[in-house]
Amino acid sequence: MEQIRNFDQLLQAALAHGRKGIAVAAPYDRNTLLAVKDALASGLAAPQLFGDVERMLPLLEQVQLDAGAVKLTDVRDTAQAIDAVIESIRSGENQILMKGTVSTGTLLKHALDRNRGLNIGRLASHLIVLQIPGLDRLLISTDGGLNIAPTLTEKADILRNAIDVARALGIETPKAACLAAVETVNPKMQATVDAACLCKMADRGAFPGAVVEGPWPWTTSSPPRLPGKRASTPRCPAMPTSSWPRPSRWPTPSPRPCPPPSASAIWCCPRHLWPGSGRSWAFTAAPCPASSSIPWPIFWTGGILKS
């Protein structure tokens, strides 16, 4: 499969697979129905709306969405509507879960139920695919907040989930950067210890076909041409020195270093490193002109710190 490098290519690849069933729980707001309308018009989706039909019909008229173009399932109780949505996914009737006016926490409580939820035997994790202007490929960042303080085992599952998505995007050899506050292993900083353990697990085949490095601080993942930012070249035996251009201001690398994470910059910062972000993590992304030709997708997999 050819690597998908932007959202236009992603859309075309999705269209090639035909419409997928989208189960929508309690779609009682205009924005949800407009998204359903767009997905239907694009040819990507076959929506099924679960909720009180008497509440949905006036809203469908407001957004000019023909009620006959979607499947309506009358379930007046919101909790029962969520259960019906999840059951439609479990049975294979639909493939995509979408929430309407229900809160994310309520939906996840039902979706992650051990007996009636969508468990696949592995940790569920949050993942975002980024398209950065000027960059010739998509980037993946995970976990953005679903798992607050994951253990090493949970971080390994988060990484496996990201690798699966990367391969679905046609990336044959996913490369993962495990970020922490510093680039050295410090027993007092669990994120650095976990990052080192993930790297050793990768060396011993825990993540077949993927390259895992870390710990890397967020400054290492920033573009080396930005003033005041230092560059670092972590070791990675899998990649030869000749595979990437090295600006003269970078330090002399160790033998056989891996491509710099600054091929694209994804900064995932704990709030104590980036005051005022207002959340546990703040994300900023920017391309690196010096190395934008390197196919180096970056995954963030480690070190979520409590707020």
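Two residues are in contact when they have heavy atoms within 4.5 Å. The model used in these exercises is predicted.

**Exercise 1. Place M98 in the fold and state which residues M98 is in contact with, leaving aside neighbours within four places in sequence.**

Step 1. Find the element. M98 sits in strand β4.

Step 2. List the partners. M98 is in contact with I22, A23, V24, A25, T32, A35 and V36.

Step 3. Classify the exposure. Buried means under 20% relative accessible area, and exposed means over 50%. M98 has 22% relative accessibility, so M98 counts as partly exposed.

Step 4. Check a distance. I86 lies 12 residues from M98 along the chain, and their C-alpha atoms are separated by 10.0 Å.

**Exercise 2. Describe the largest nonpolar core: which residues touch the most other members, and which element gives the most?**

Step 1. Pick out the hubs. This core has 29 residues, and L33, V36, L49, L65, V70 and I82 touch the most other members.

Step 2. Map the elements. Those giving two or more residues are β1 (20-25), α2 (30-42), β2 (45-51), α3 (53-62), α4 (78-90) and α5.

Step 3. Name the main contributor. α4 gives the most, with 5 residues.

Step 4. Take one hub. Not counting residues up to four places away in sequence, L33 touches P27, L49, L59, L60, V63 and L65.

Step 5. Look for another core. A second, separate one has 12 residues, including L159, A176, F207 and V212.

**Exercise 3. Characterise the largest pocket: what is its volume, and how many nonpolar, polar and charged residues are in its lining?**

Step 1. Give the volume. The largest pocket has about 1,300 Å³.

Step 2. Find the centre. The lining has 27 residues; L118, A124, S125, H126 and L146 are the closest to the pocket centre.

Step 3. Assign elements. β4 (96-99), α5 (104-111) and α6 (152-168) each give two or more residues to the lining.

Step 4. Sort by class. The lining has 16 nonpolar, 7 polar and 4 charged residues.

**Exercise 4. Decide where pLDDT stays under 50, and set that beside the whole protein.**

Step 1. Take the average. The protein averages a pLDDT of 78, and 71% of the residues score at least 70.

Step 2. Locate the low stretch. pLDDT stays under 50 over residues 222-307. The model has 214 contacts beyond four places in sequence for this stretch.

Step 3. Apply the caution. Where pLDDT is low, predicted coordinates should not be read in detail.

Step 4. Add the global picture. The protein has 7 helices and 10 strands. Of its 307 residues, 44% count as buried.

Conventions: Residues are numbered from 1 along each chain as its sequence is written. This is a predicted model: local features need pLDDT of at least 70, side-chain atom pairs count only at pLDDT 80 or more; totals for chains, interfaces and linings use all residues. Side-chain values use heavy atoms; hydrogens and water are left out. On a 1 Å grid over the protein atoms alone, a cavity is a set of points where a 1.4 Å probe fits but cannot get out, and a pocket is an open set with protein on both sides within 12 Å along at least five of seven lines; lining residues have an atom within 4 Å of a point. Grid points are joined across faces, edges and corners, and a volume is the space filled by probe spheres set on the points. Helices (H or I, at least four residues) and strands (E, at least two) are DSSP runs, numbered from the N terminus. Ala, Val, Leu, Ile, Met, Phe, Trp, Tyr, Cys and Pro count as nonpolar, Asp, Glu, Lys and Arg as charged, and the others, Gly among them, as polar. A nonpolar core is a set of buried Ala, Val, Leu, Ile, Met, Phe, Trp, Tyr and Cys residues joined through side-chain atoms within 4.5 Å. Buried means under 20% relative accessible area, exposed over 50%, partly exposed in between (1.4 Å probe, protein chains only). pLDDT is the predictor's confidence in each residue, from 0 to 100.
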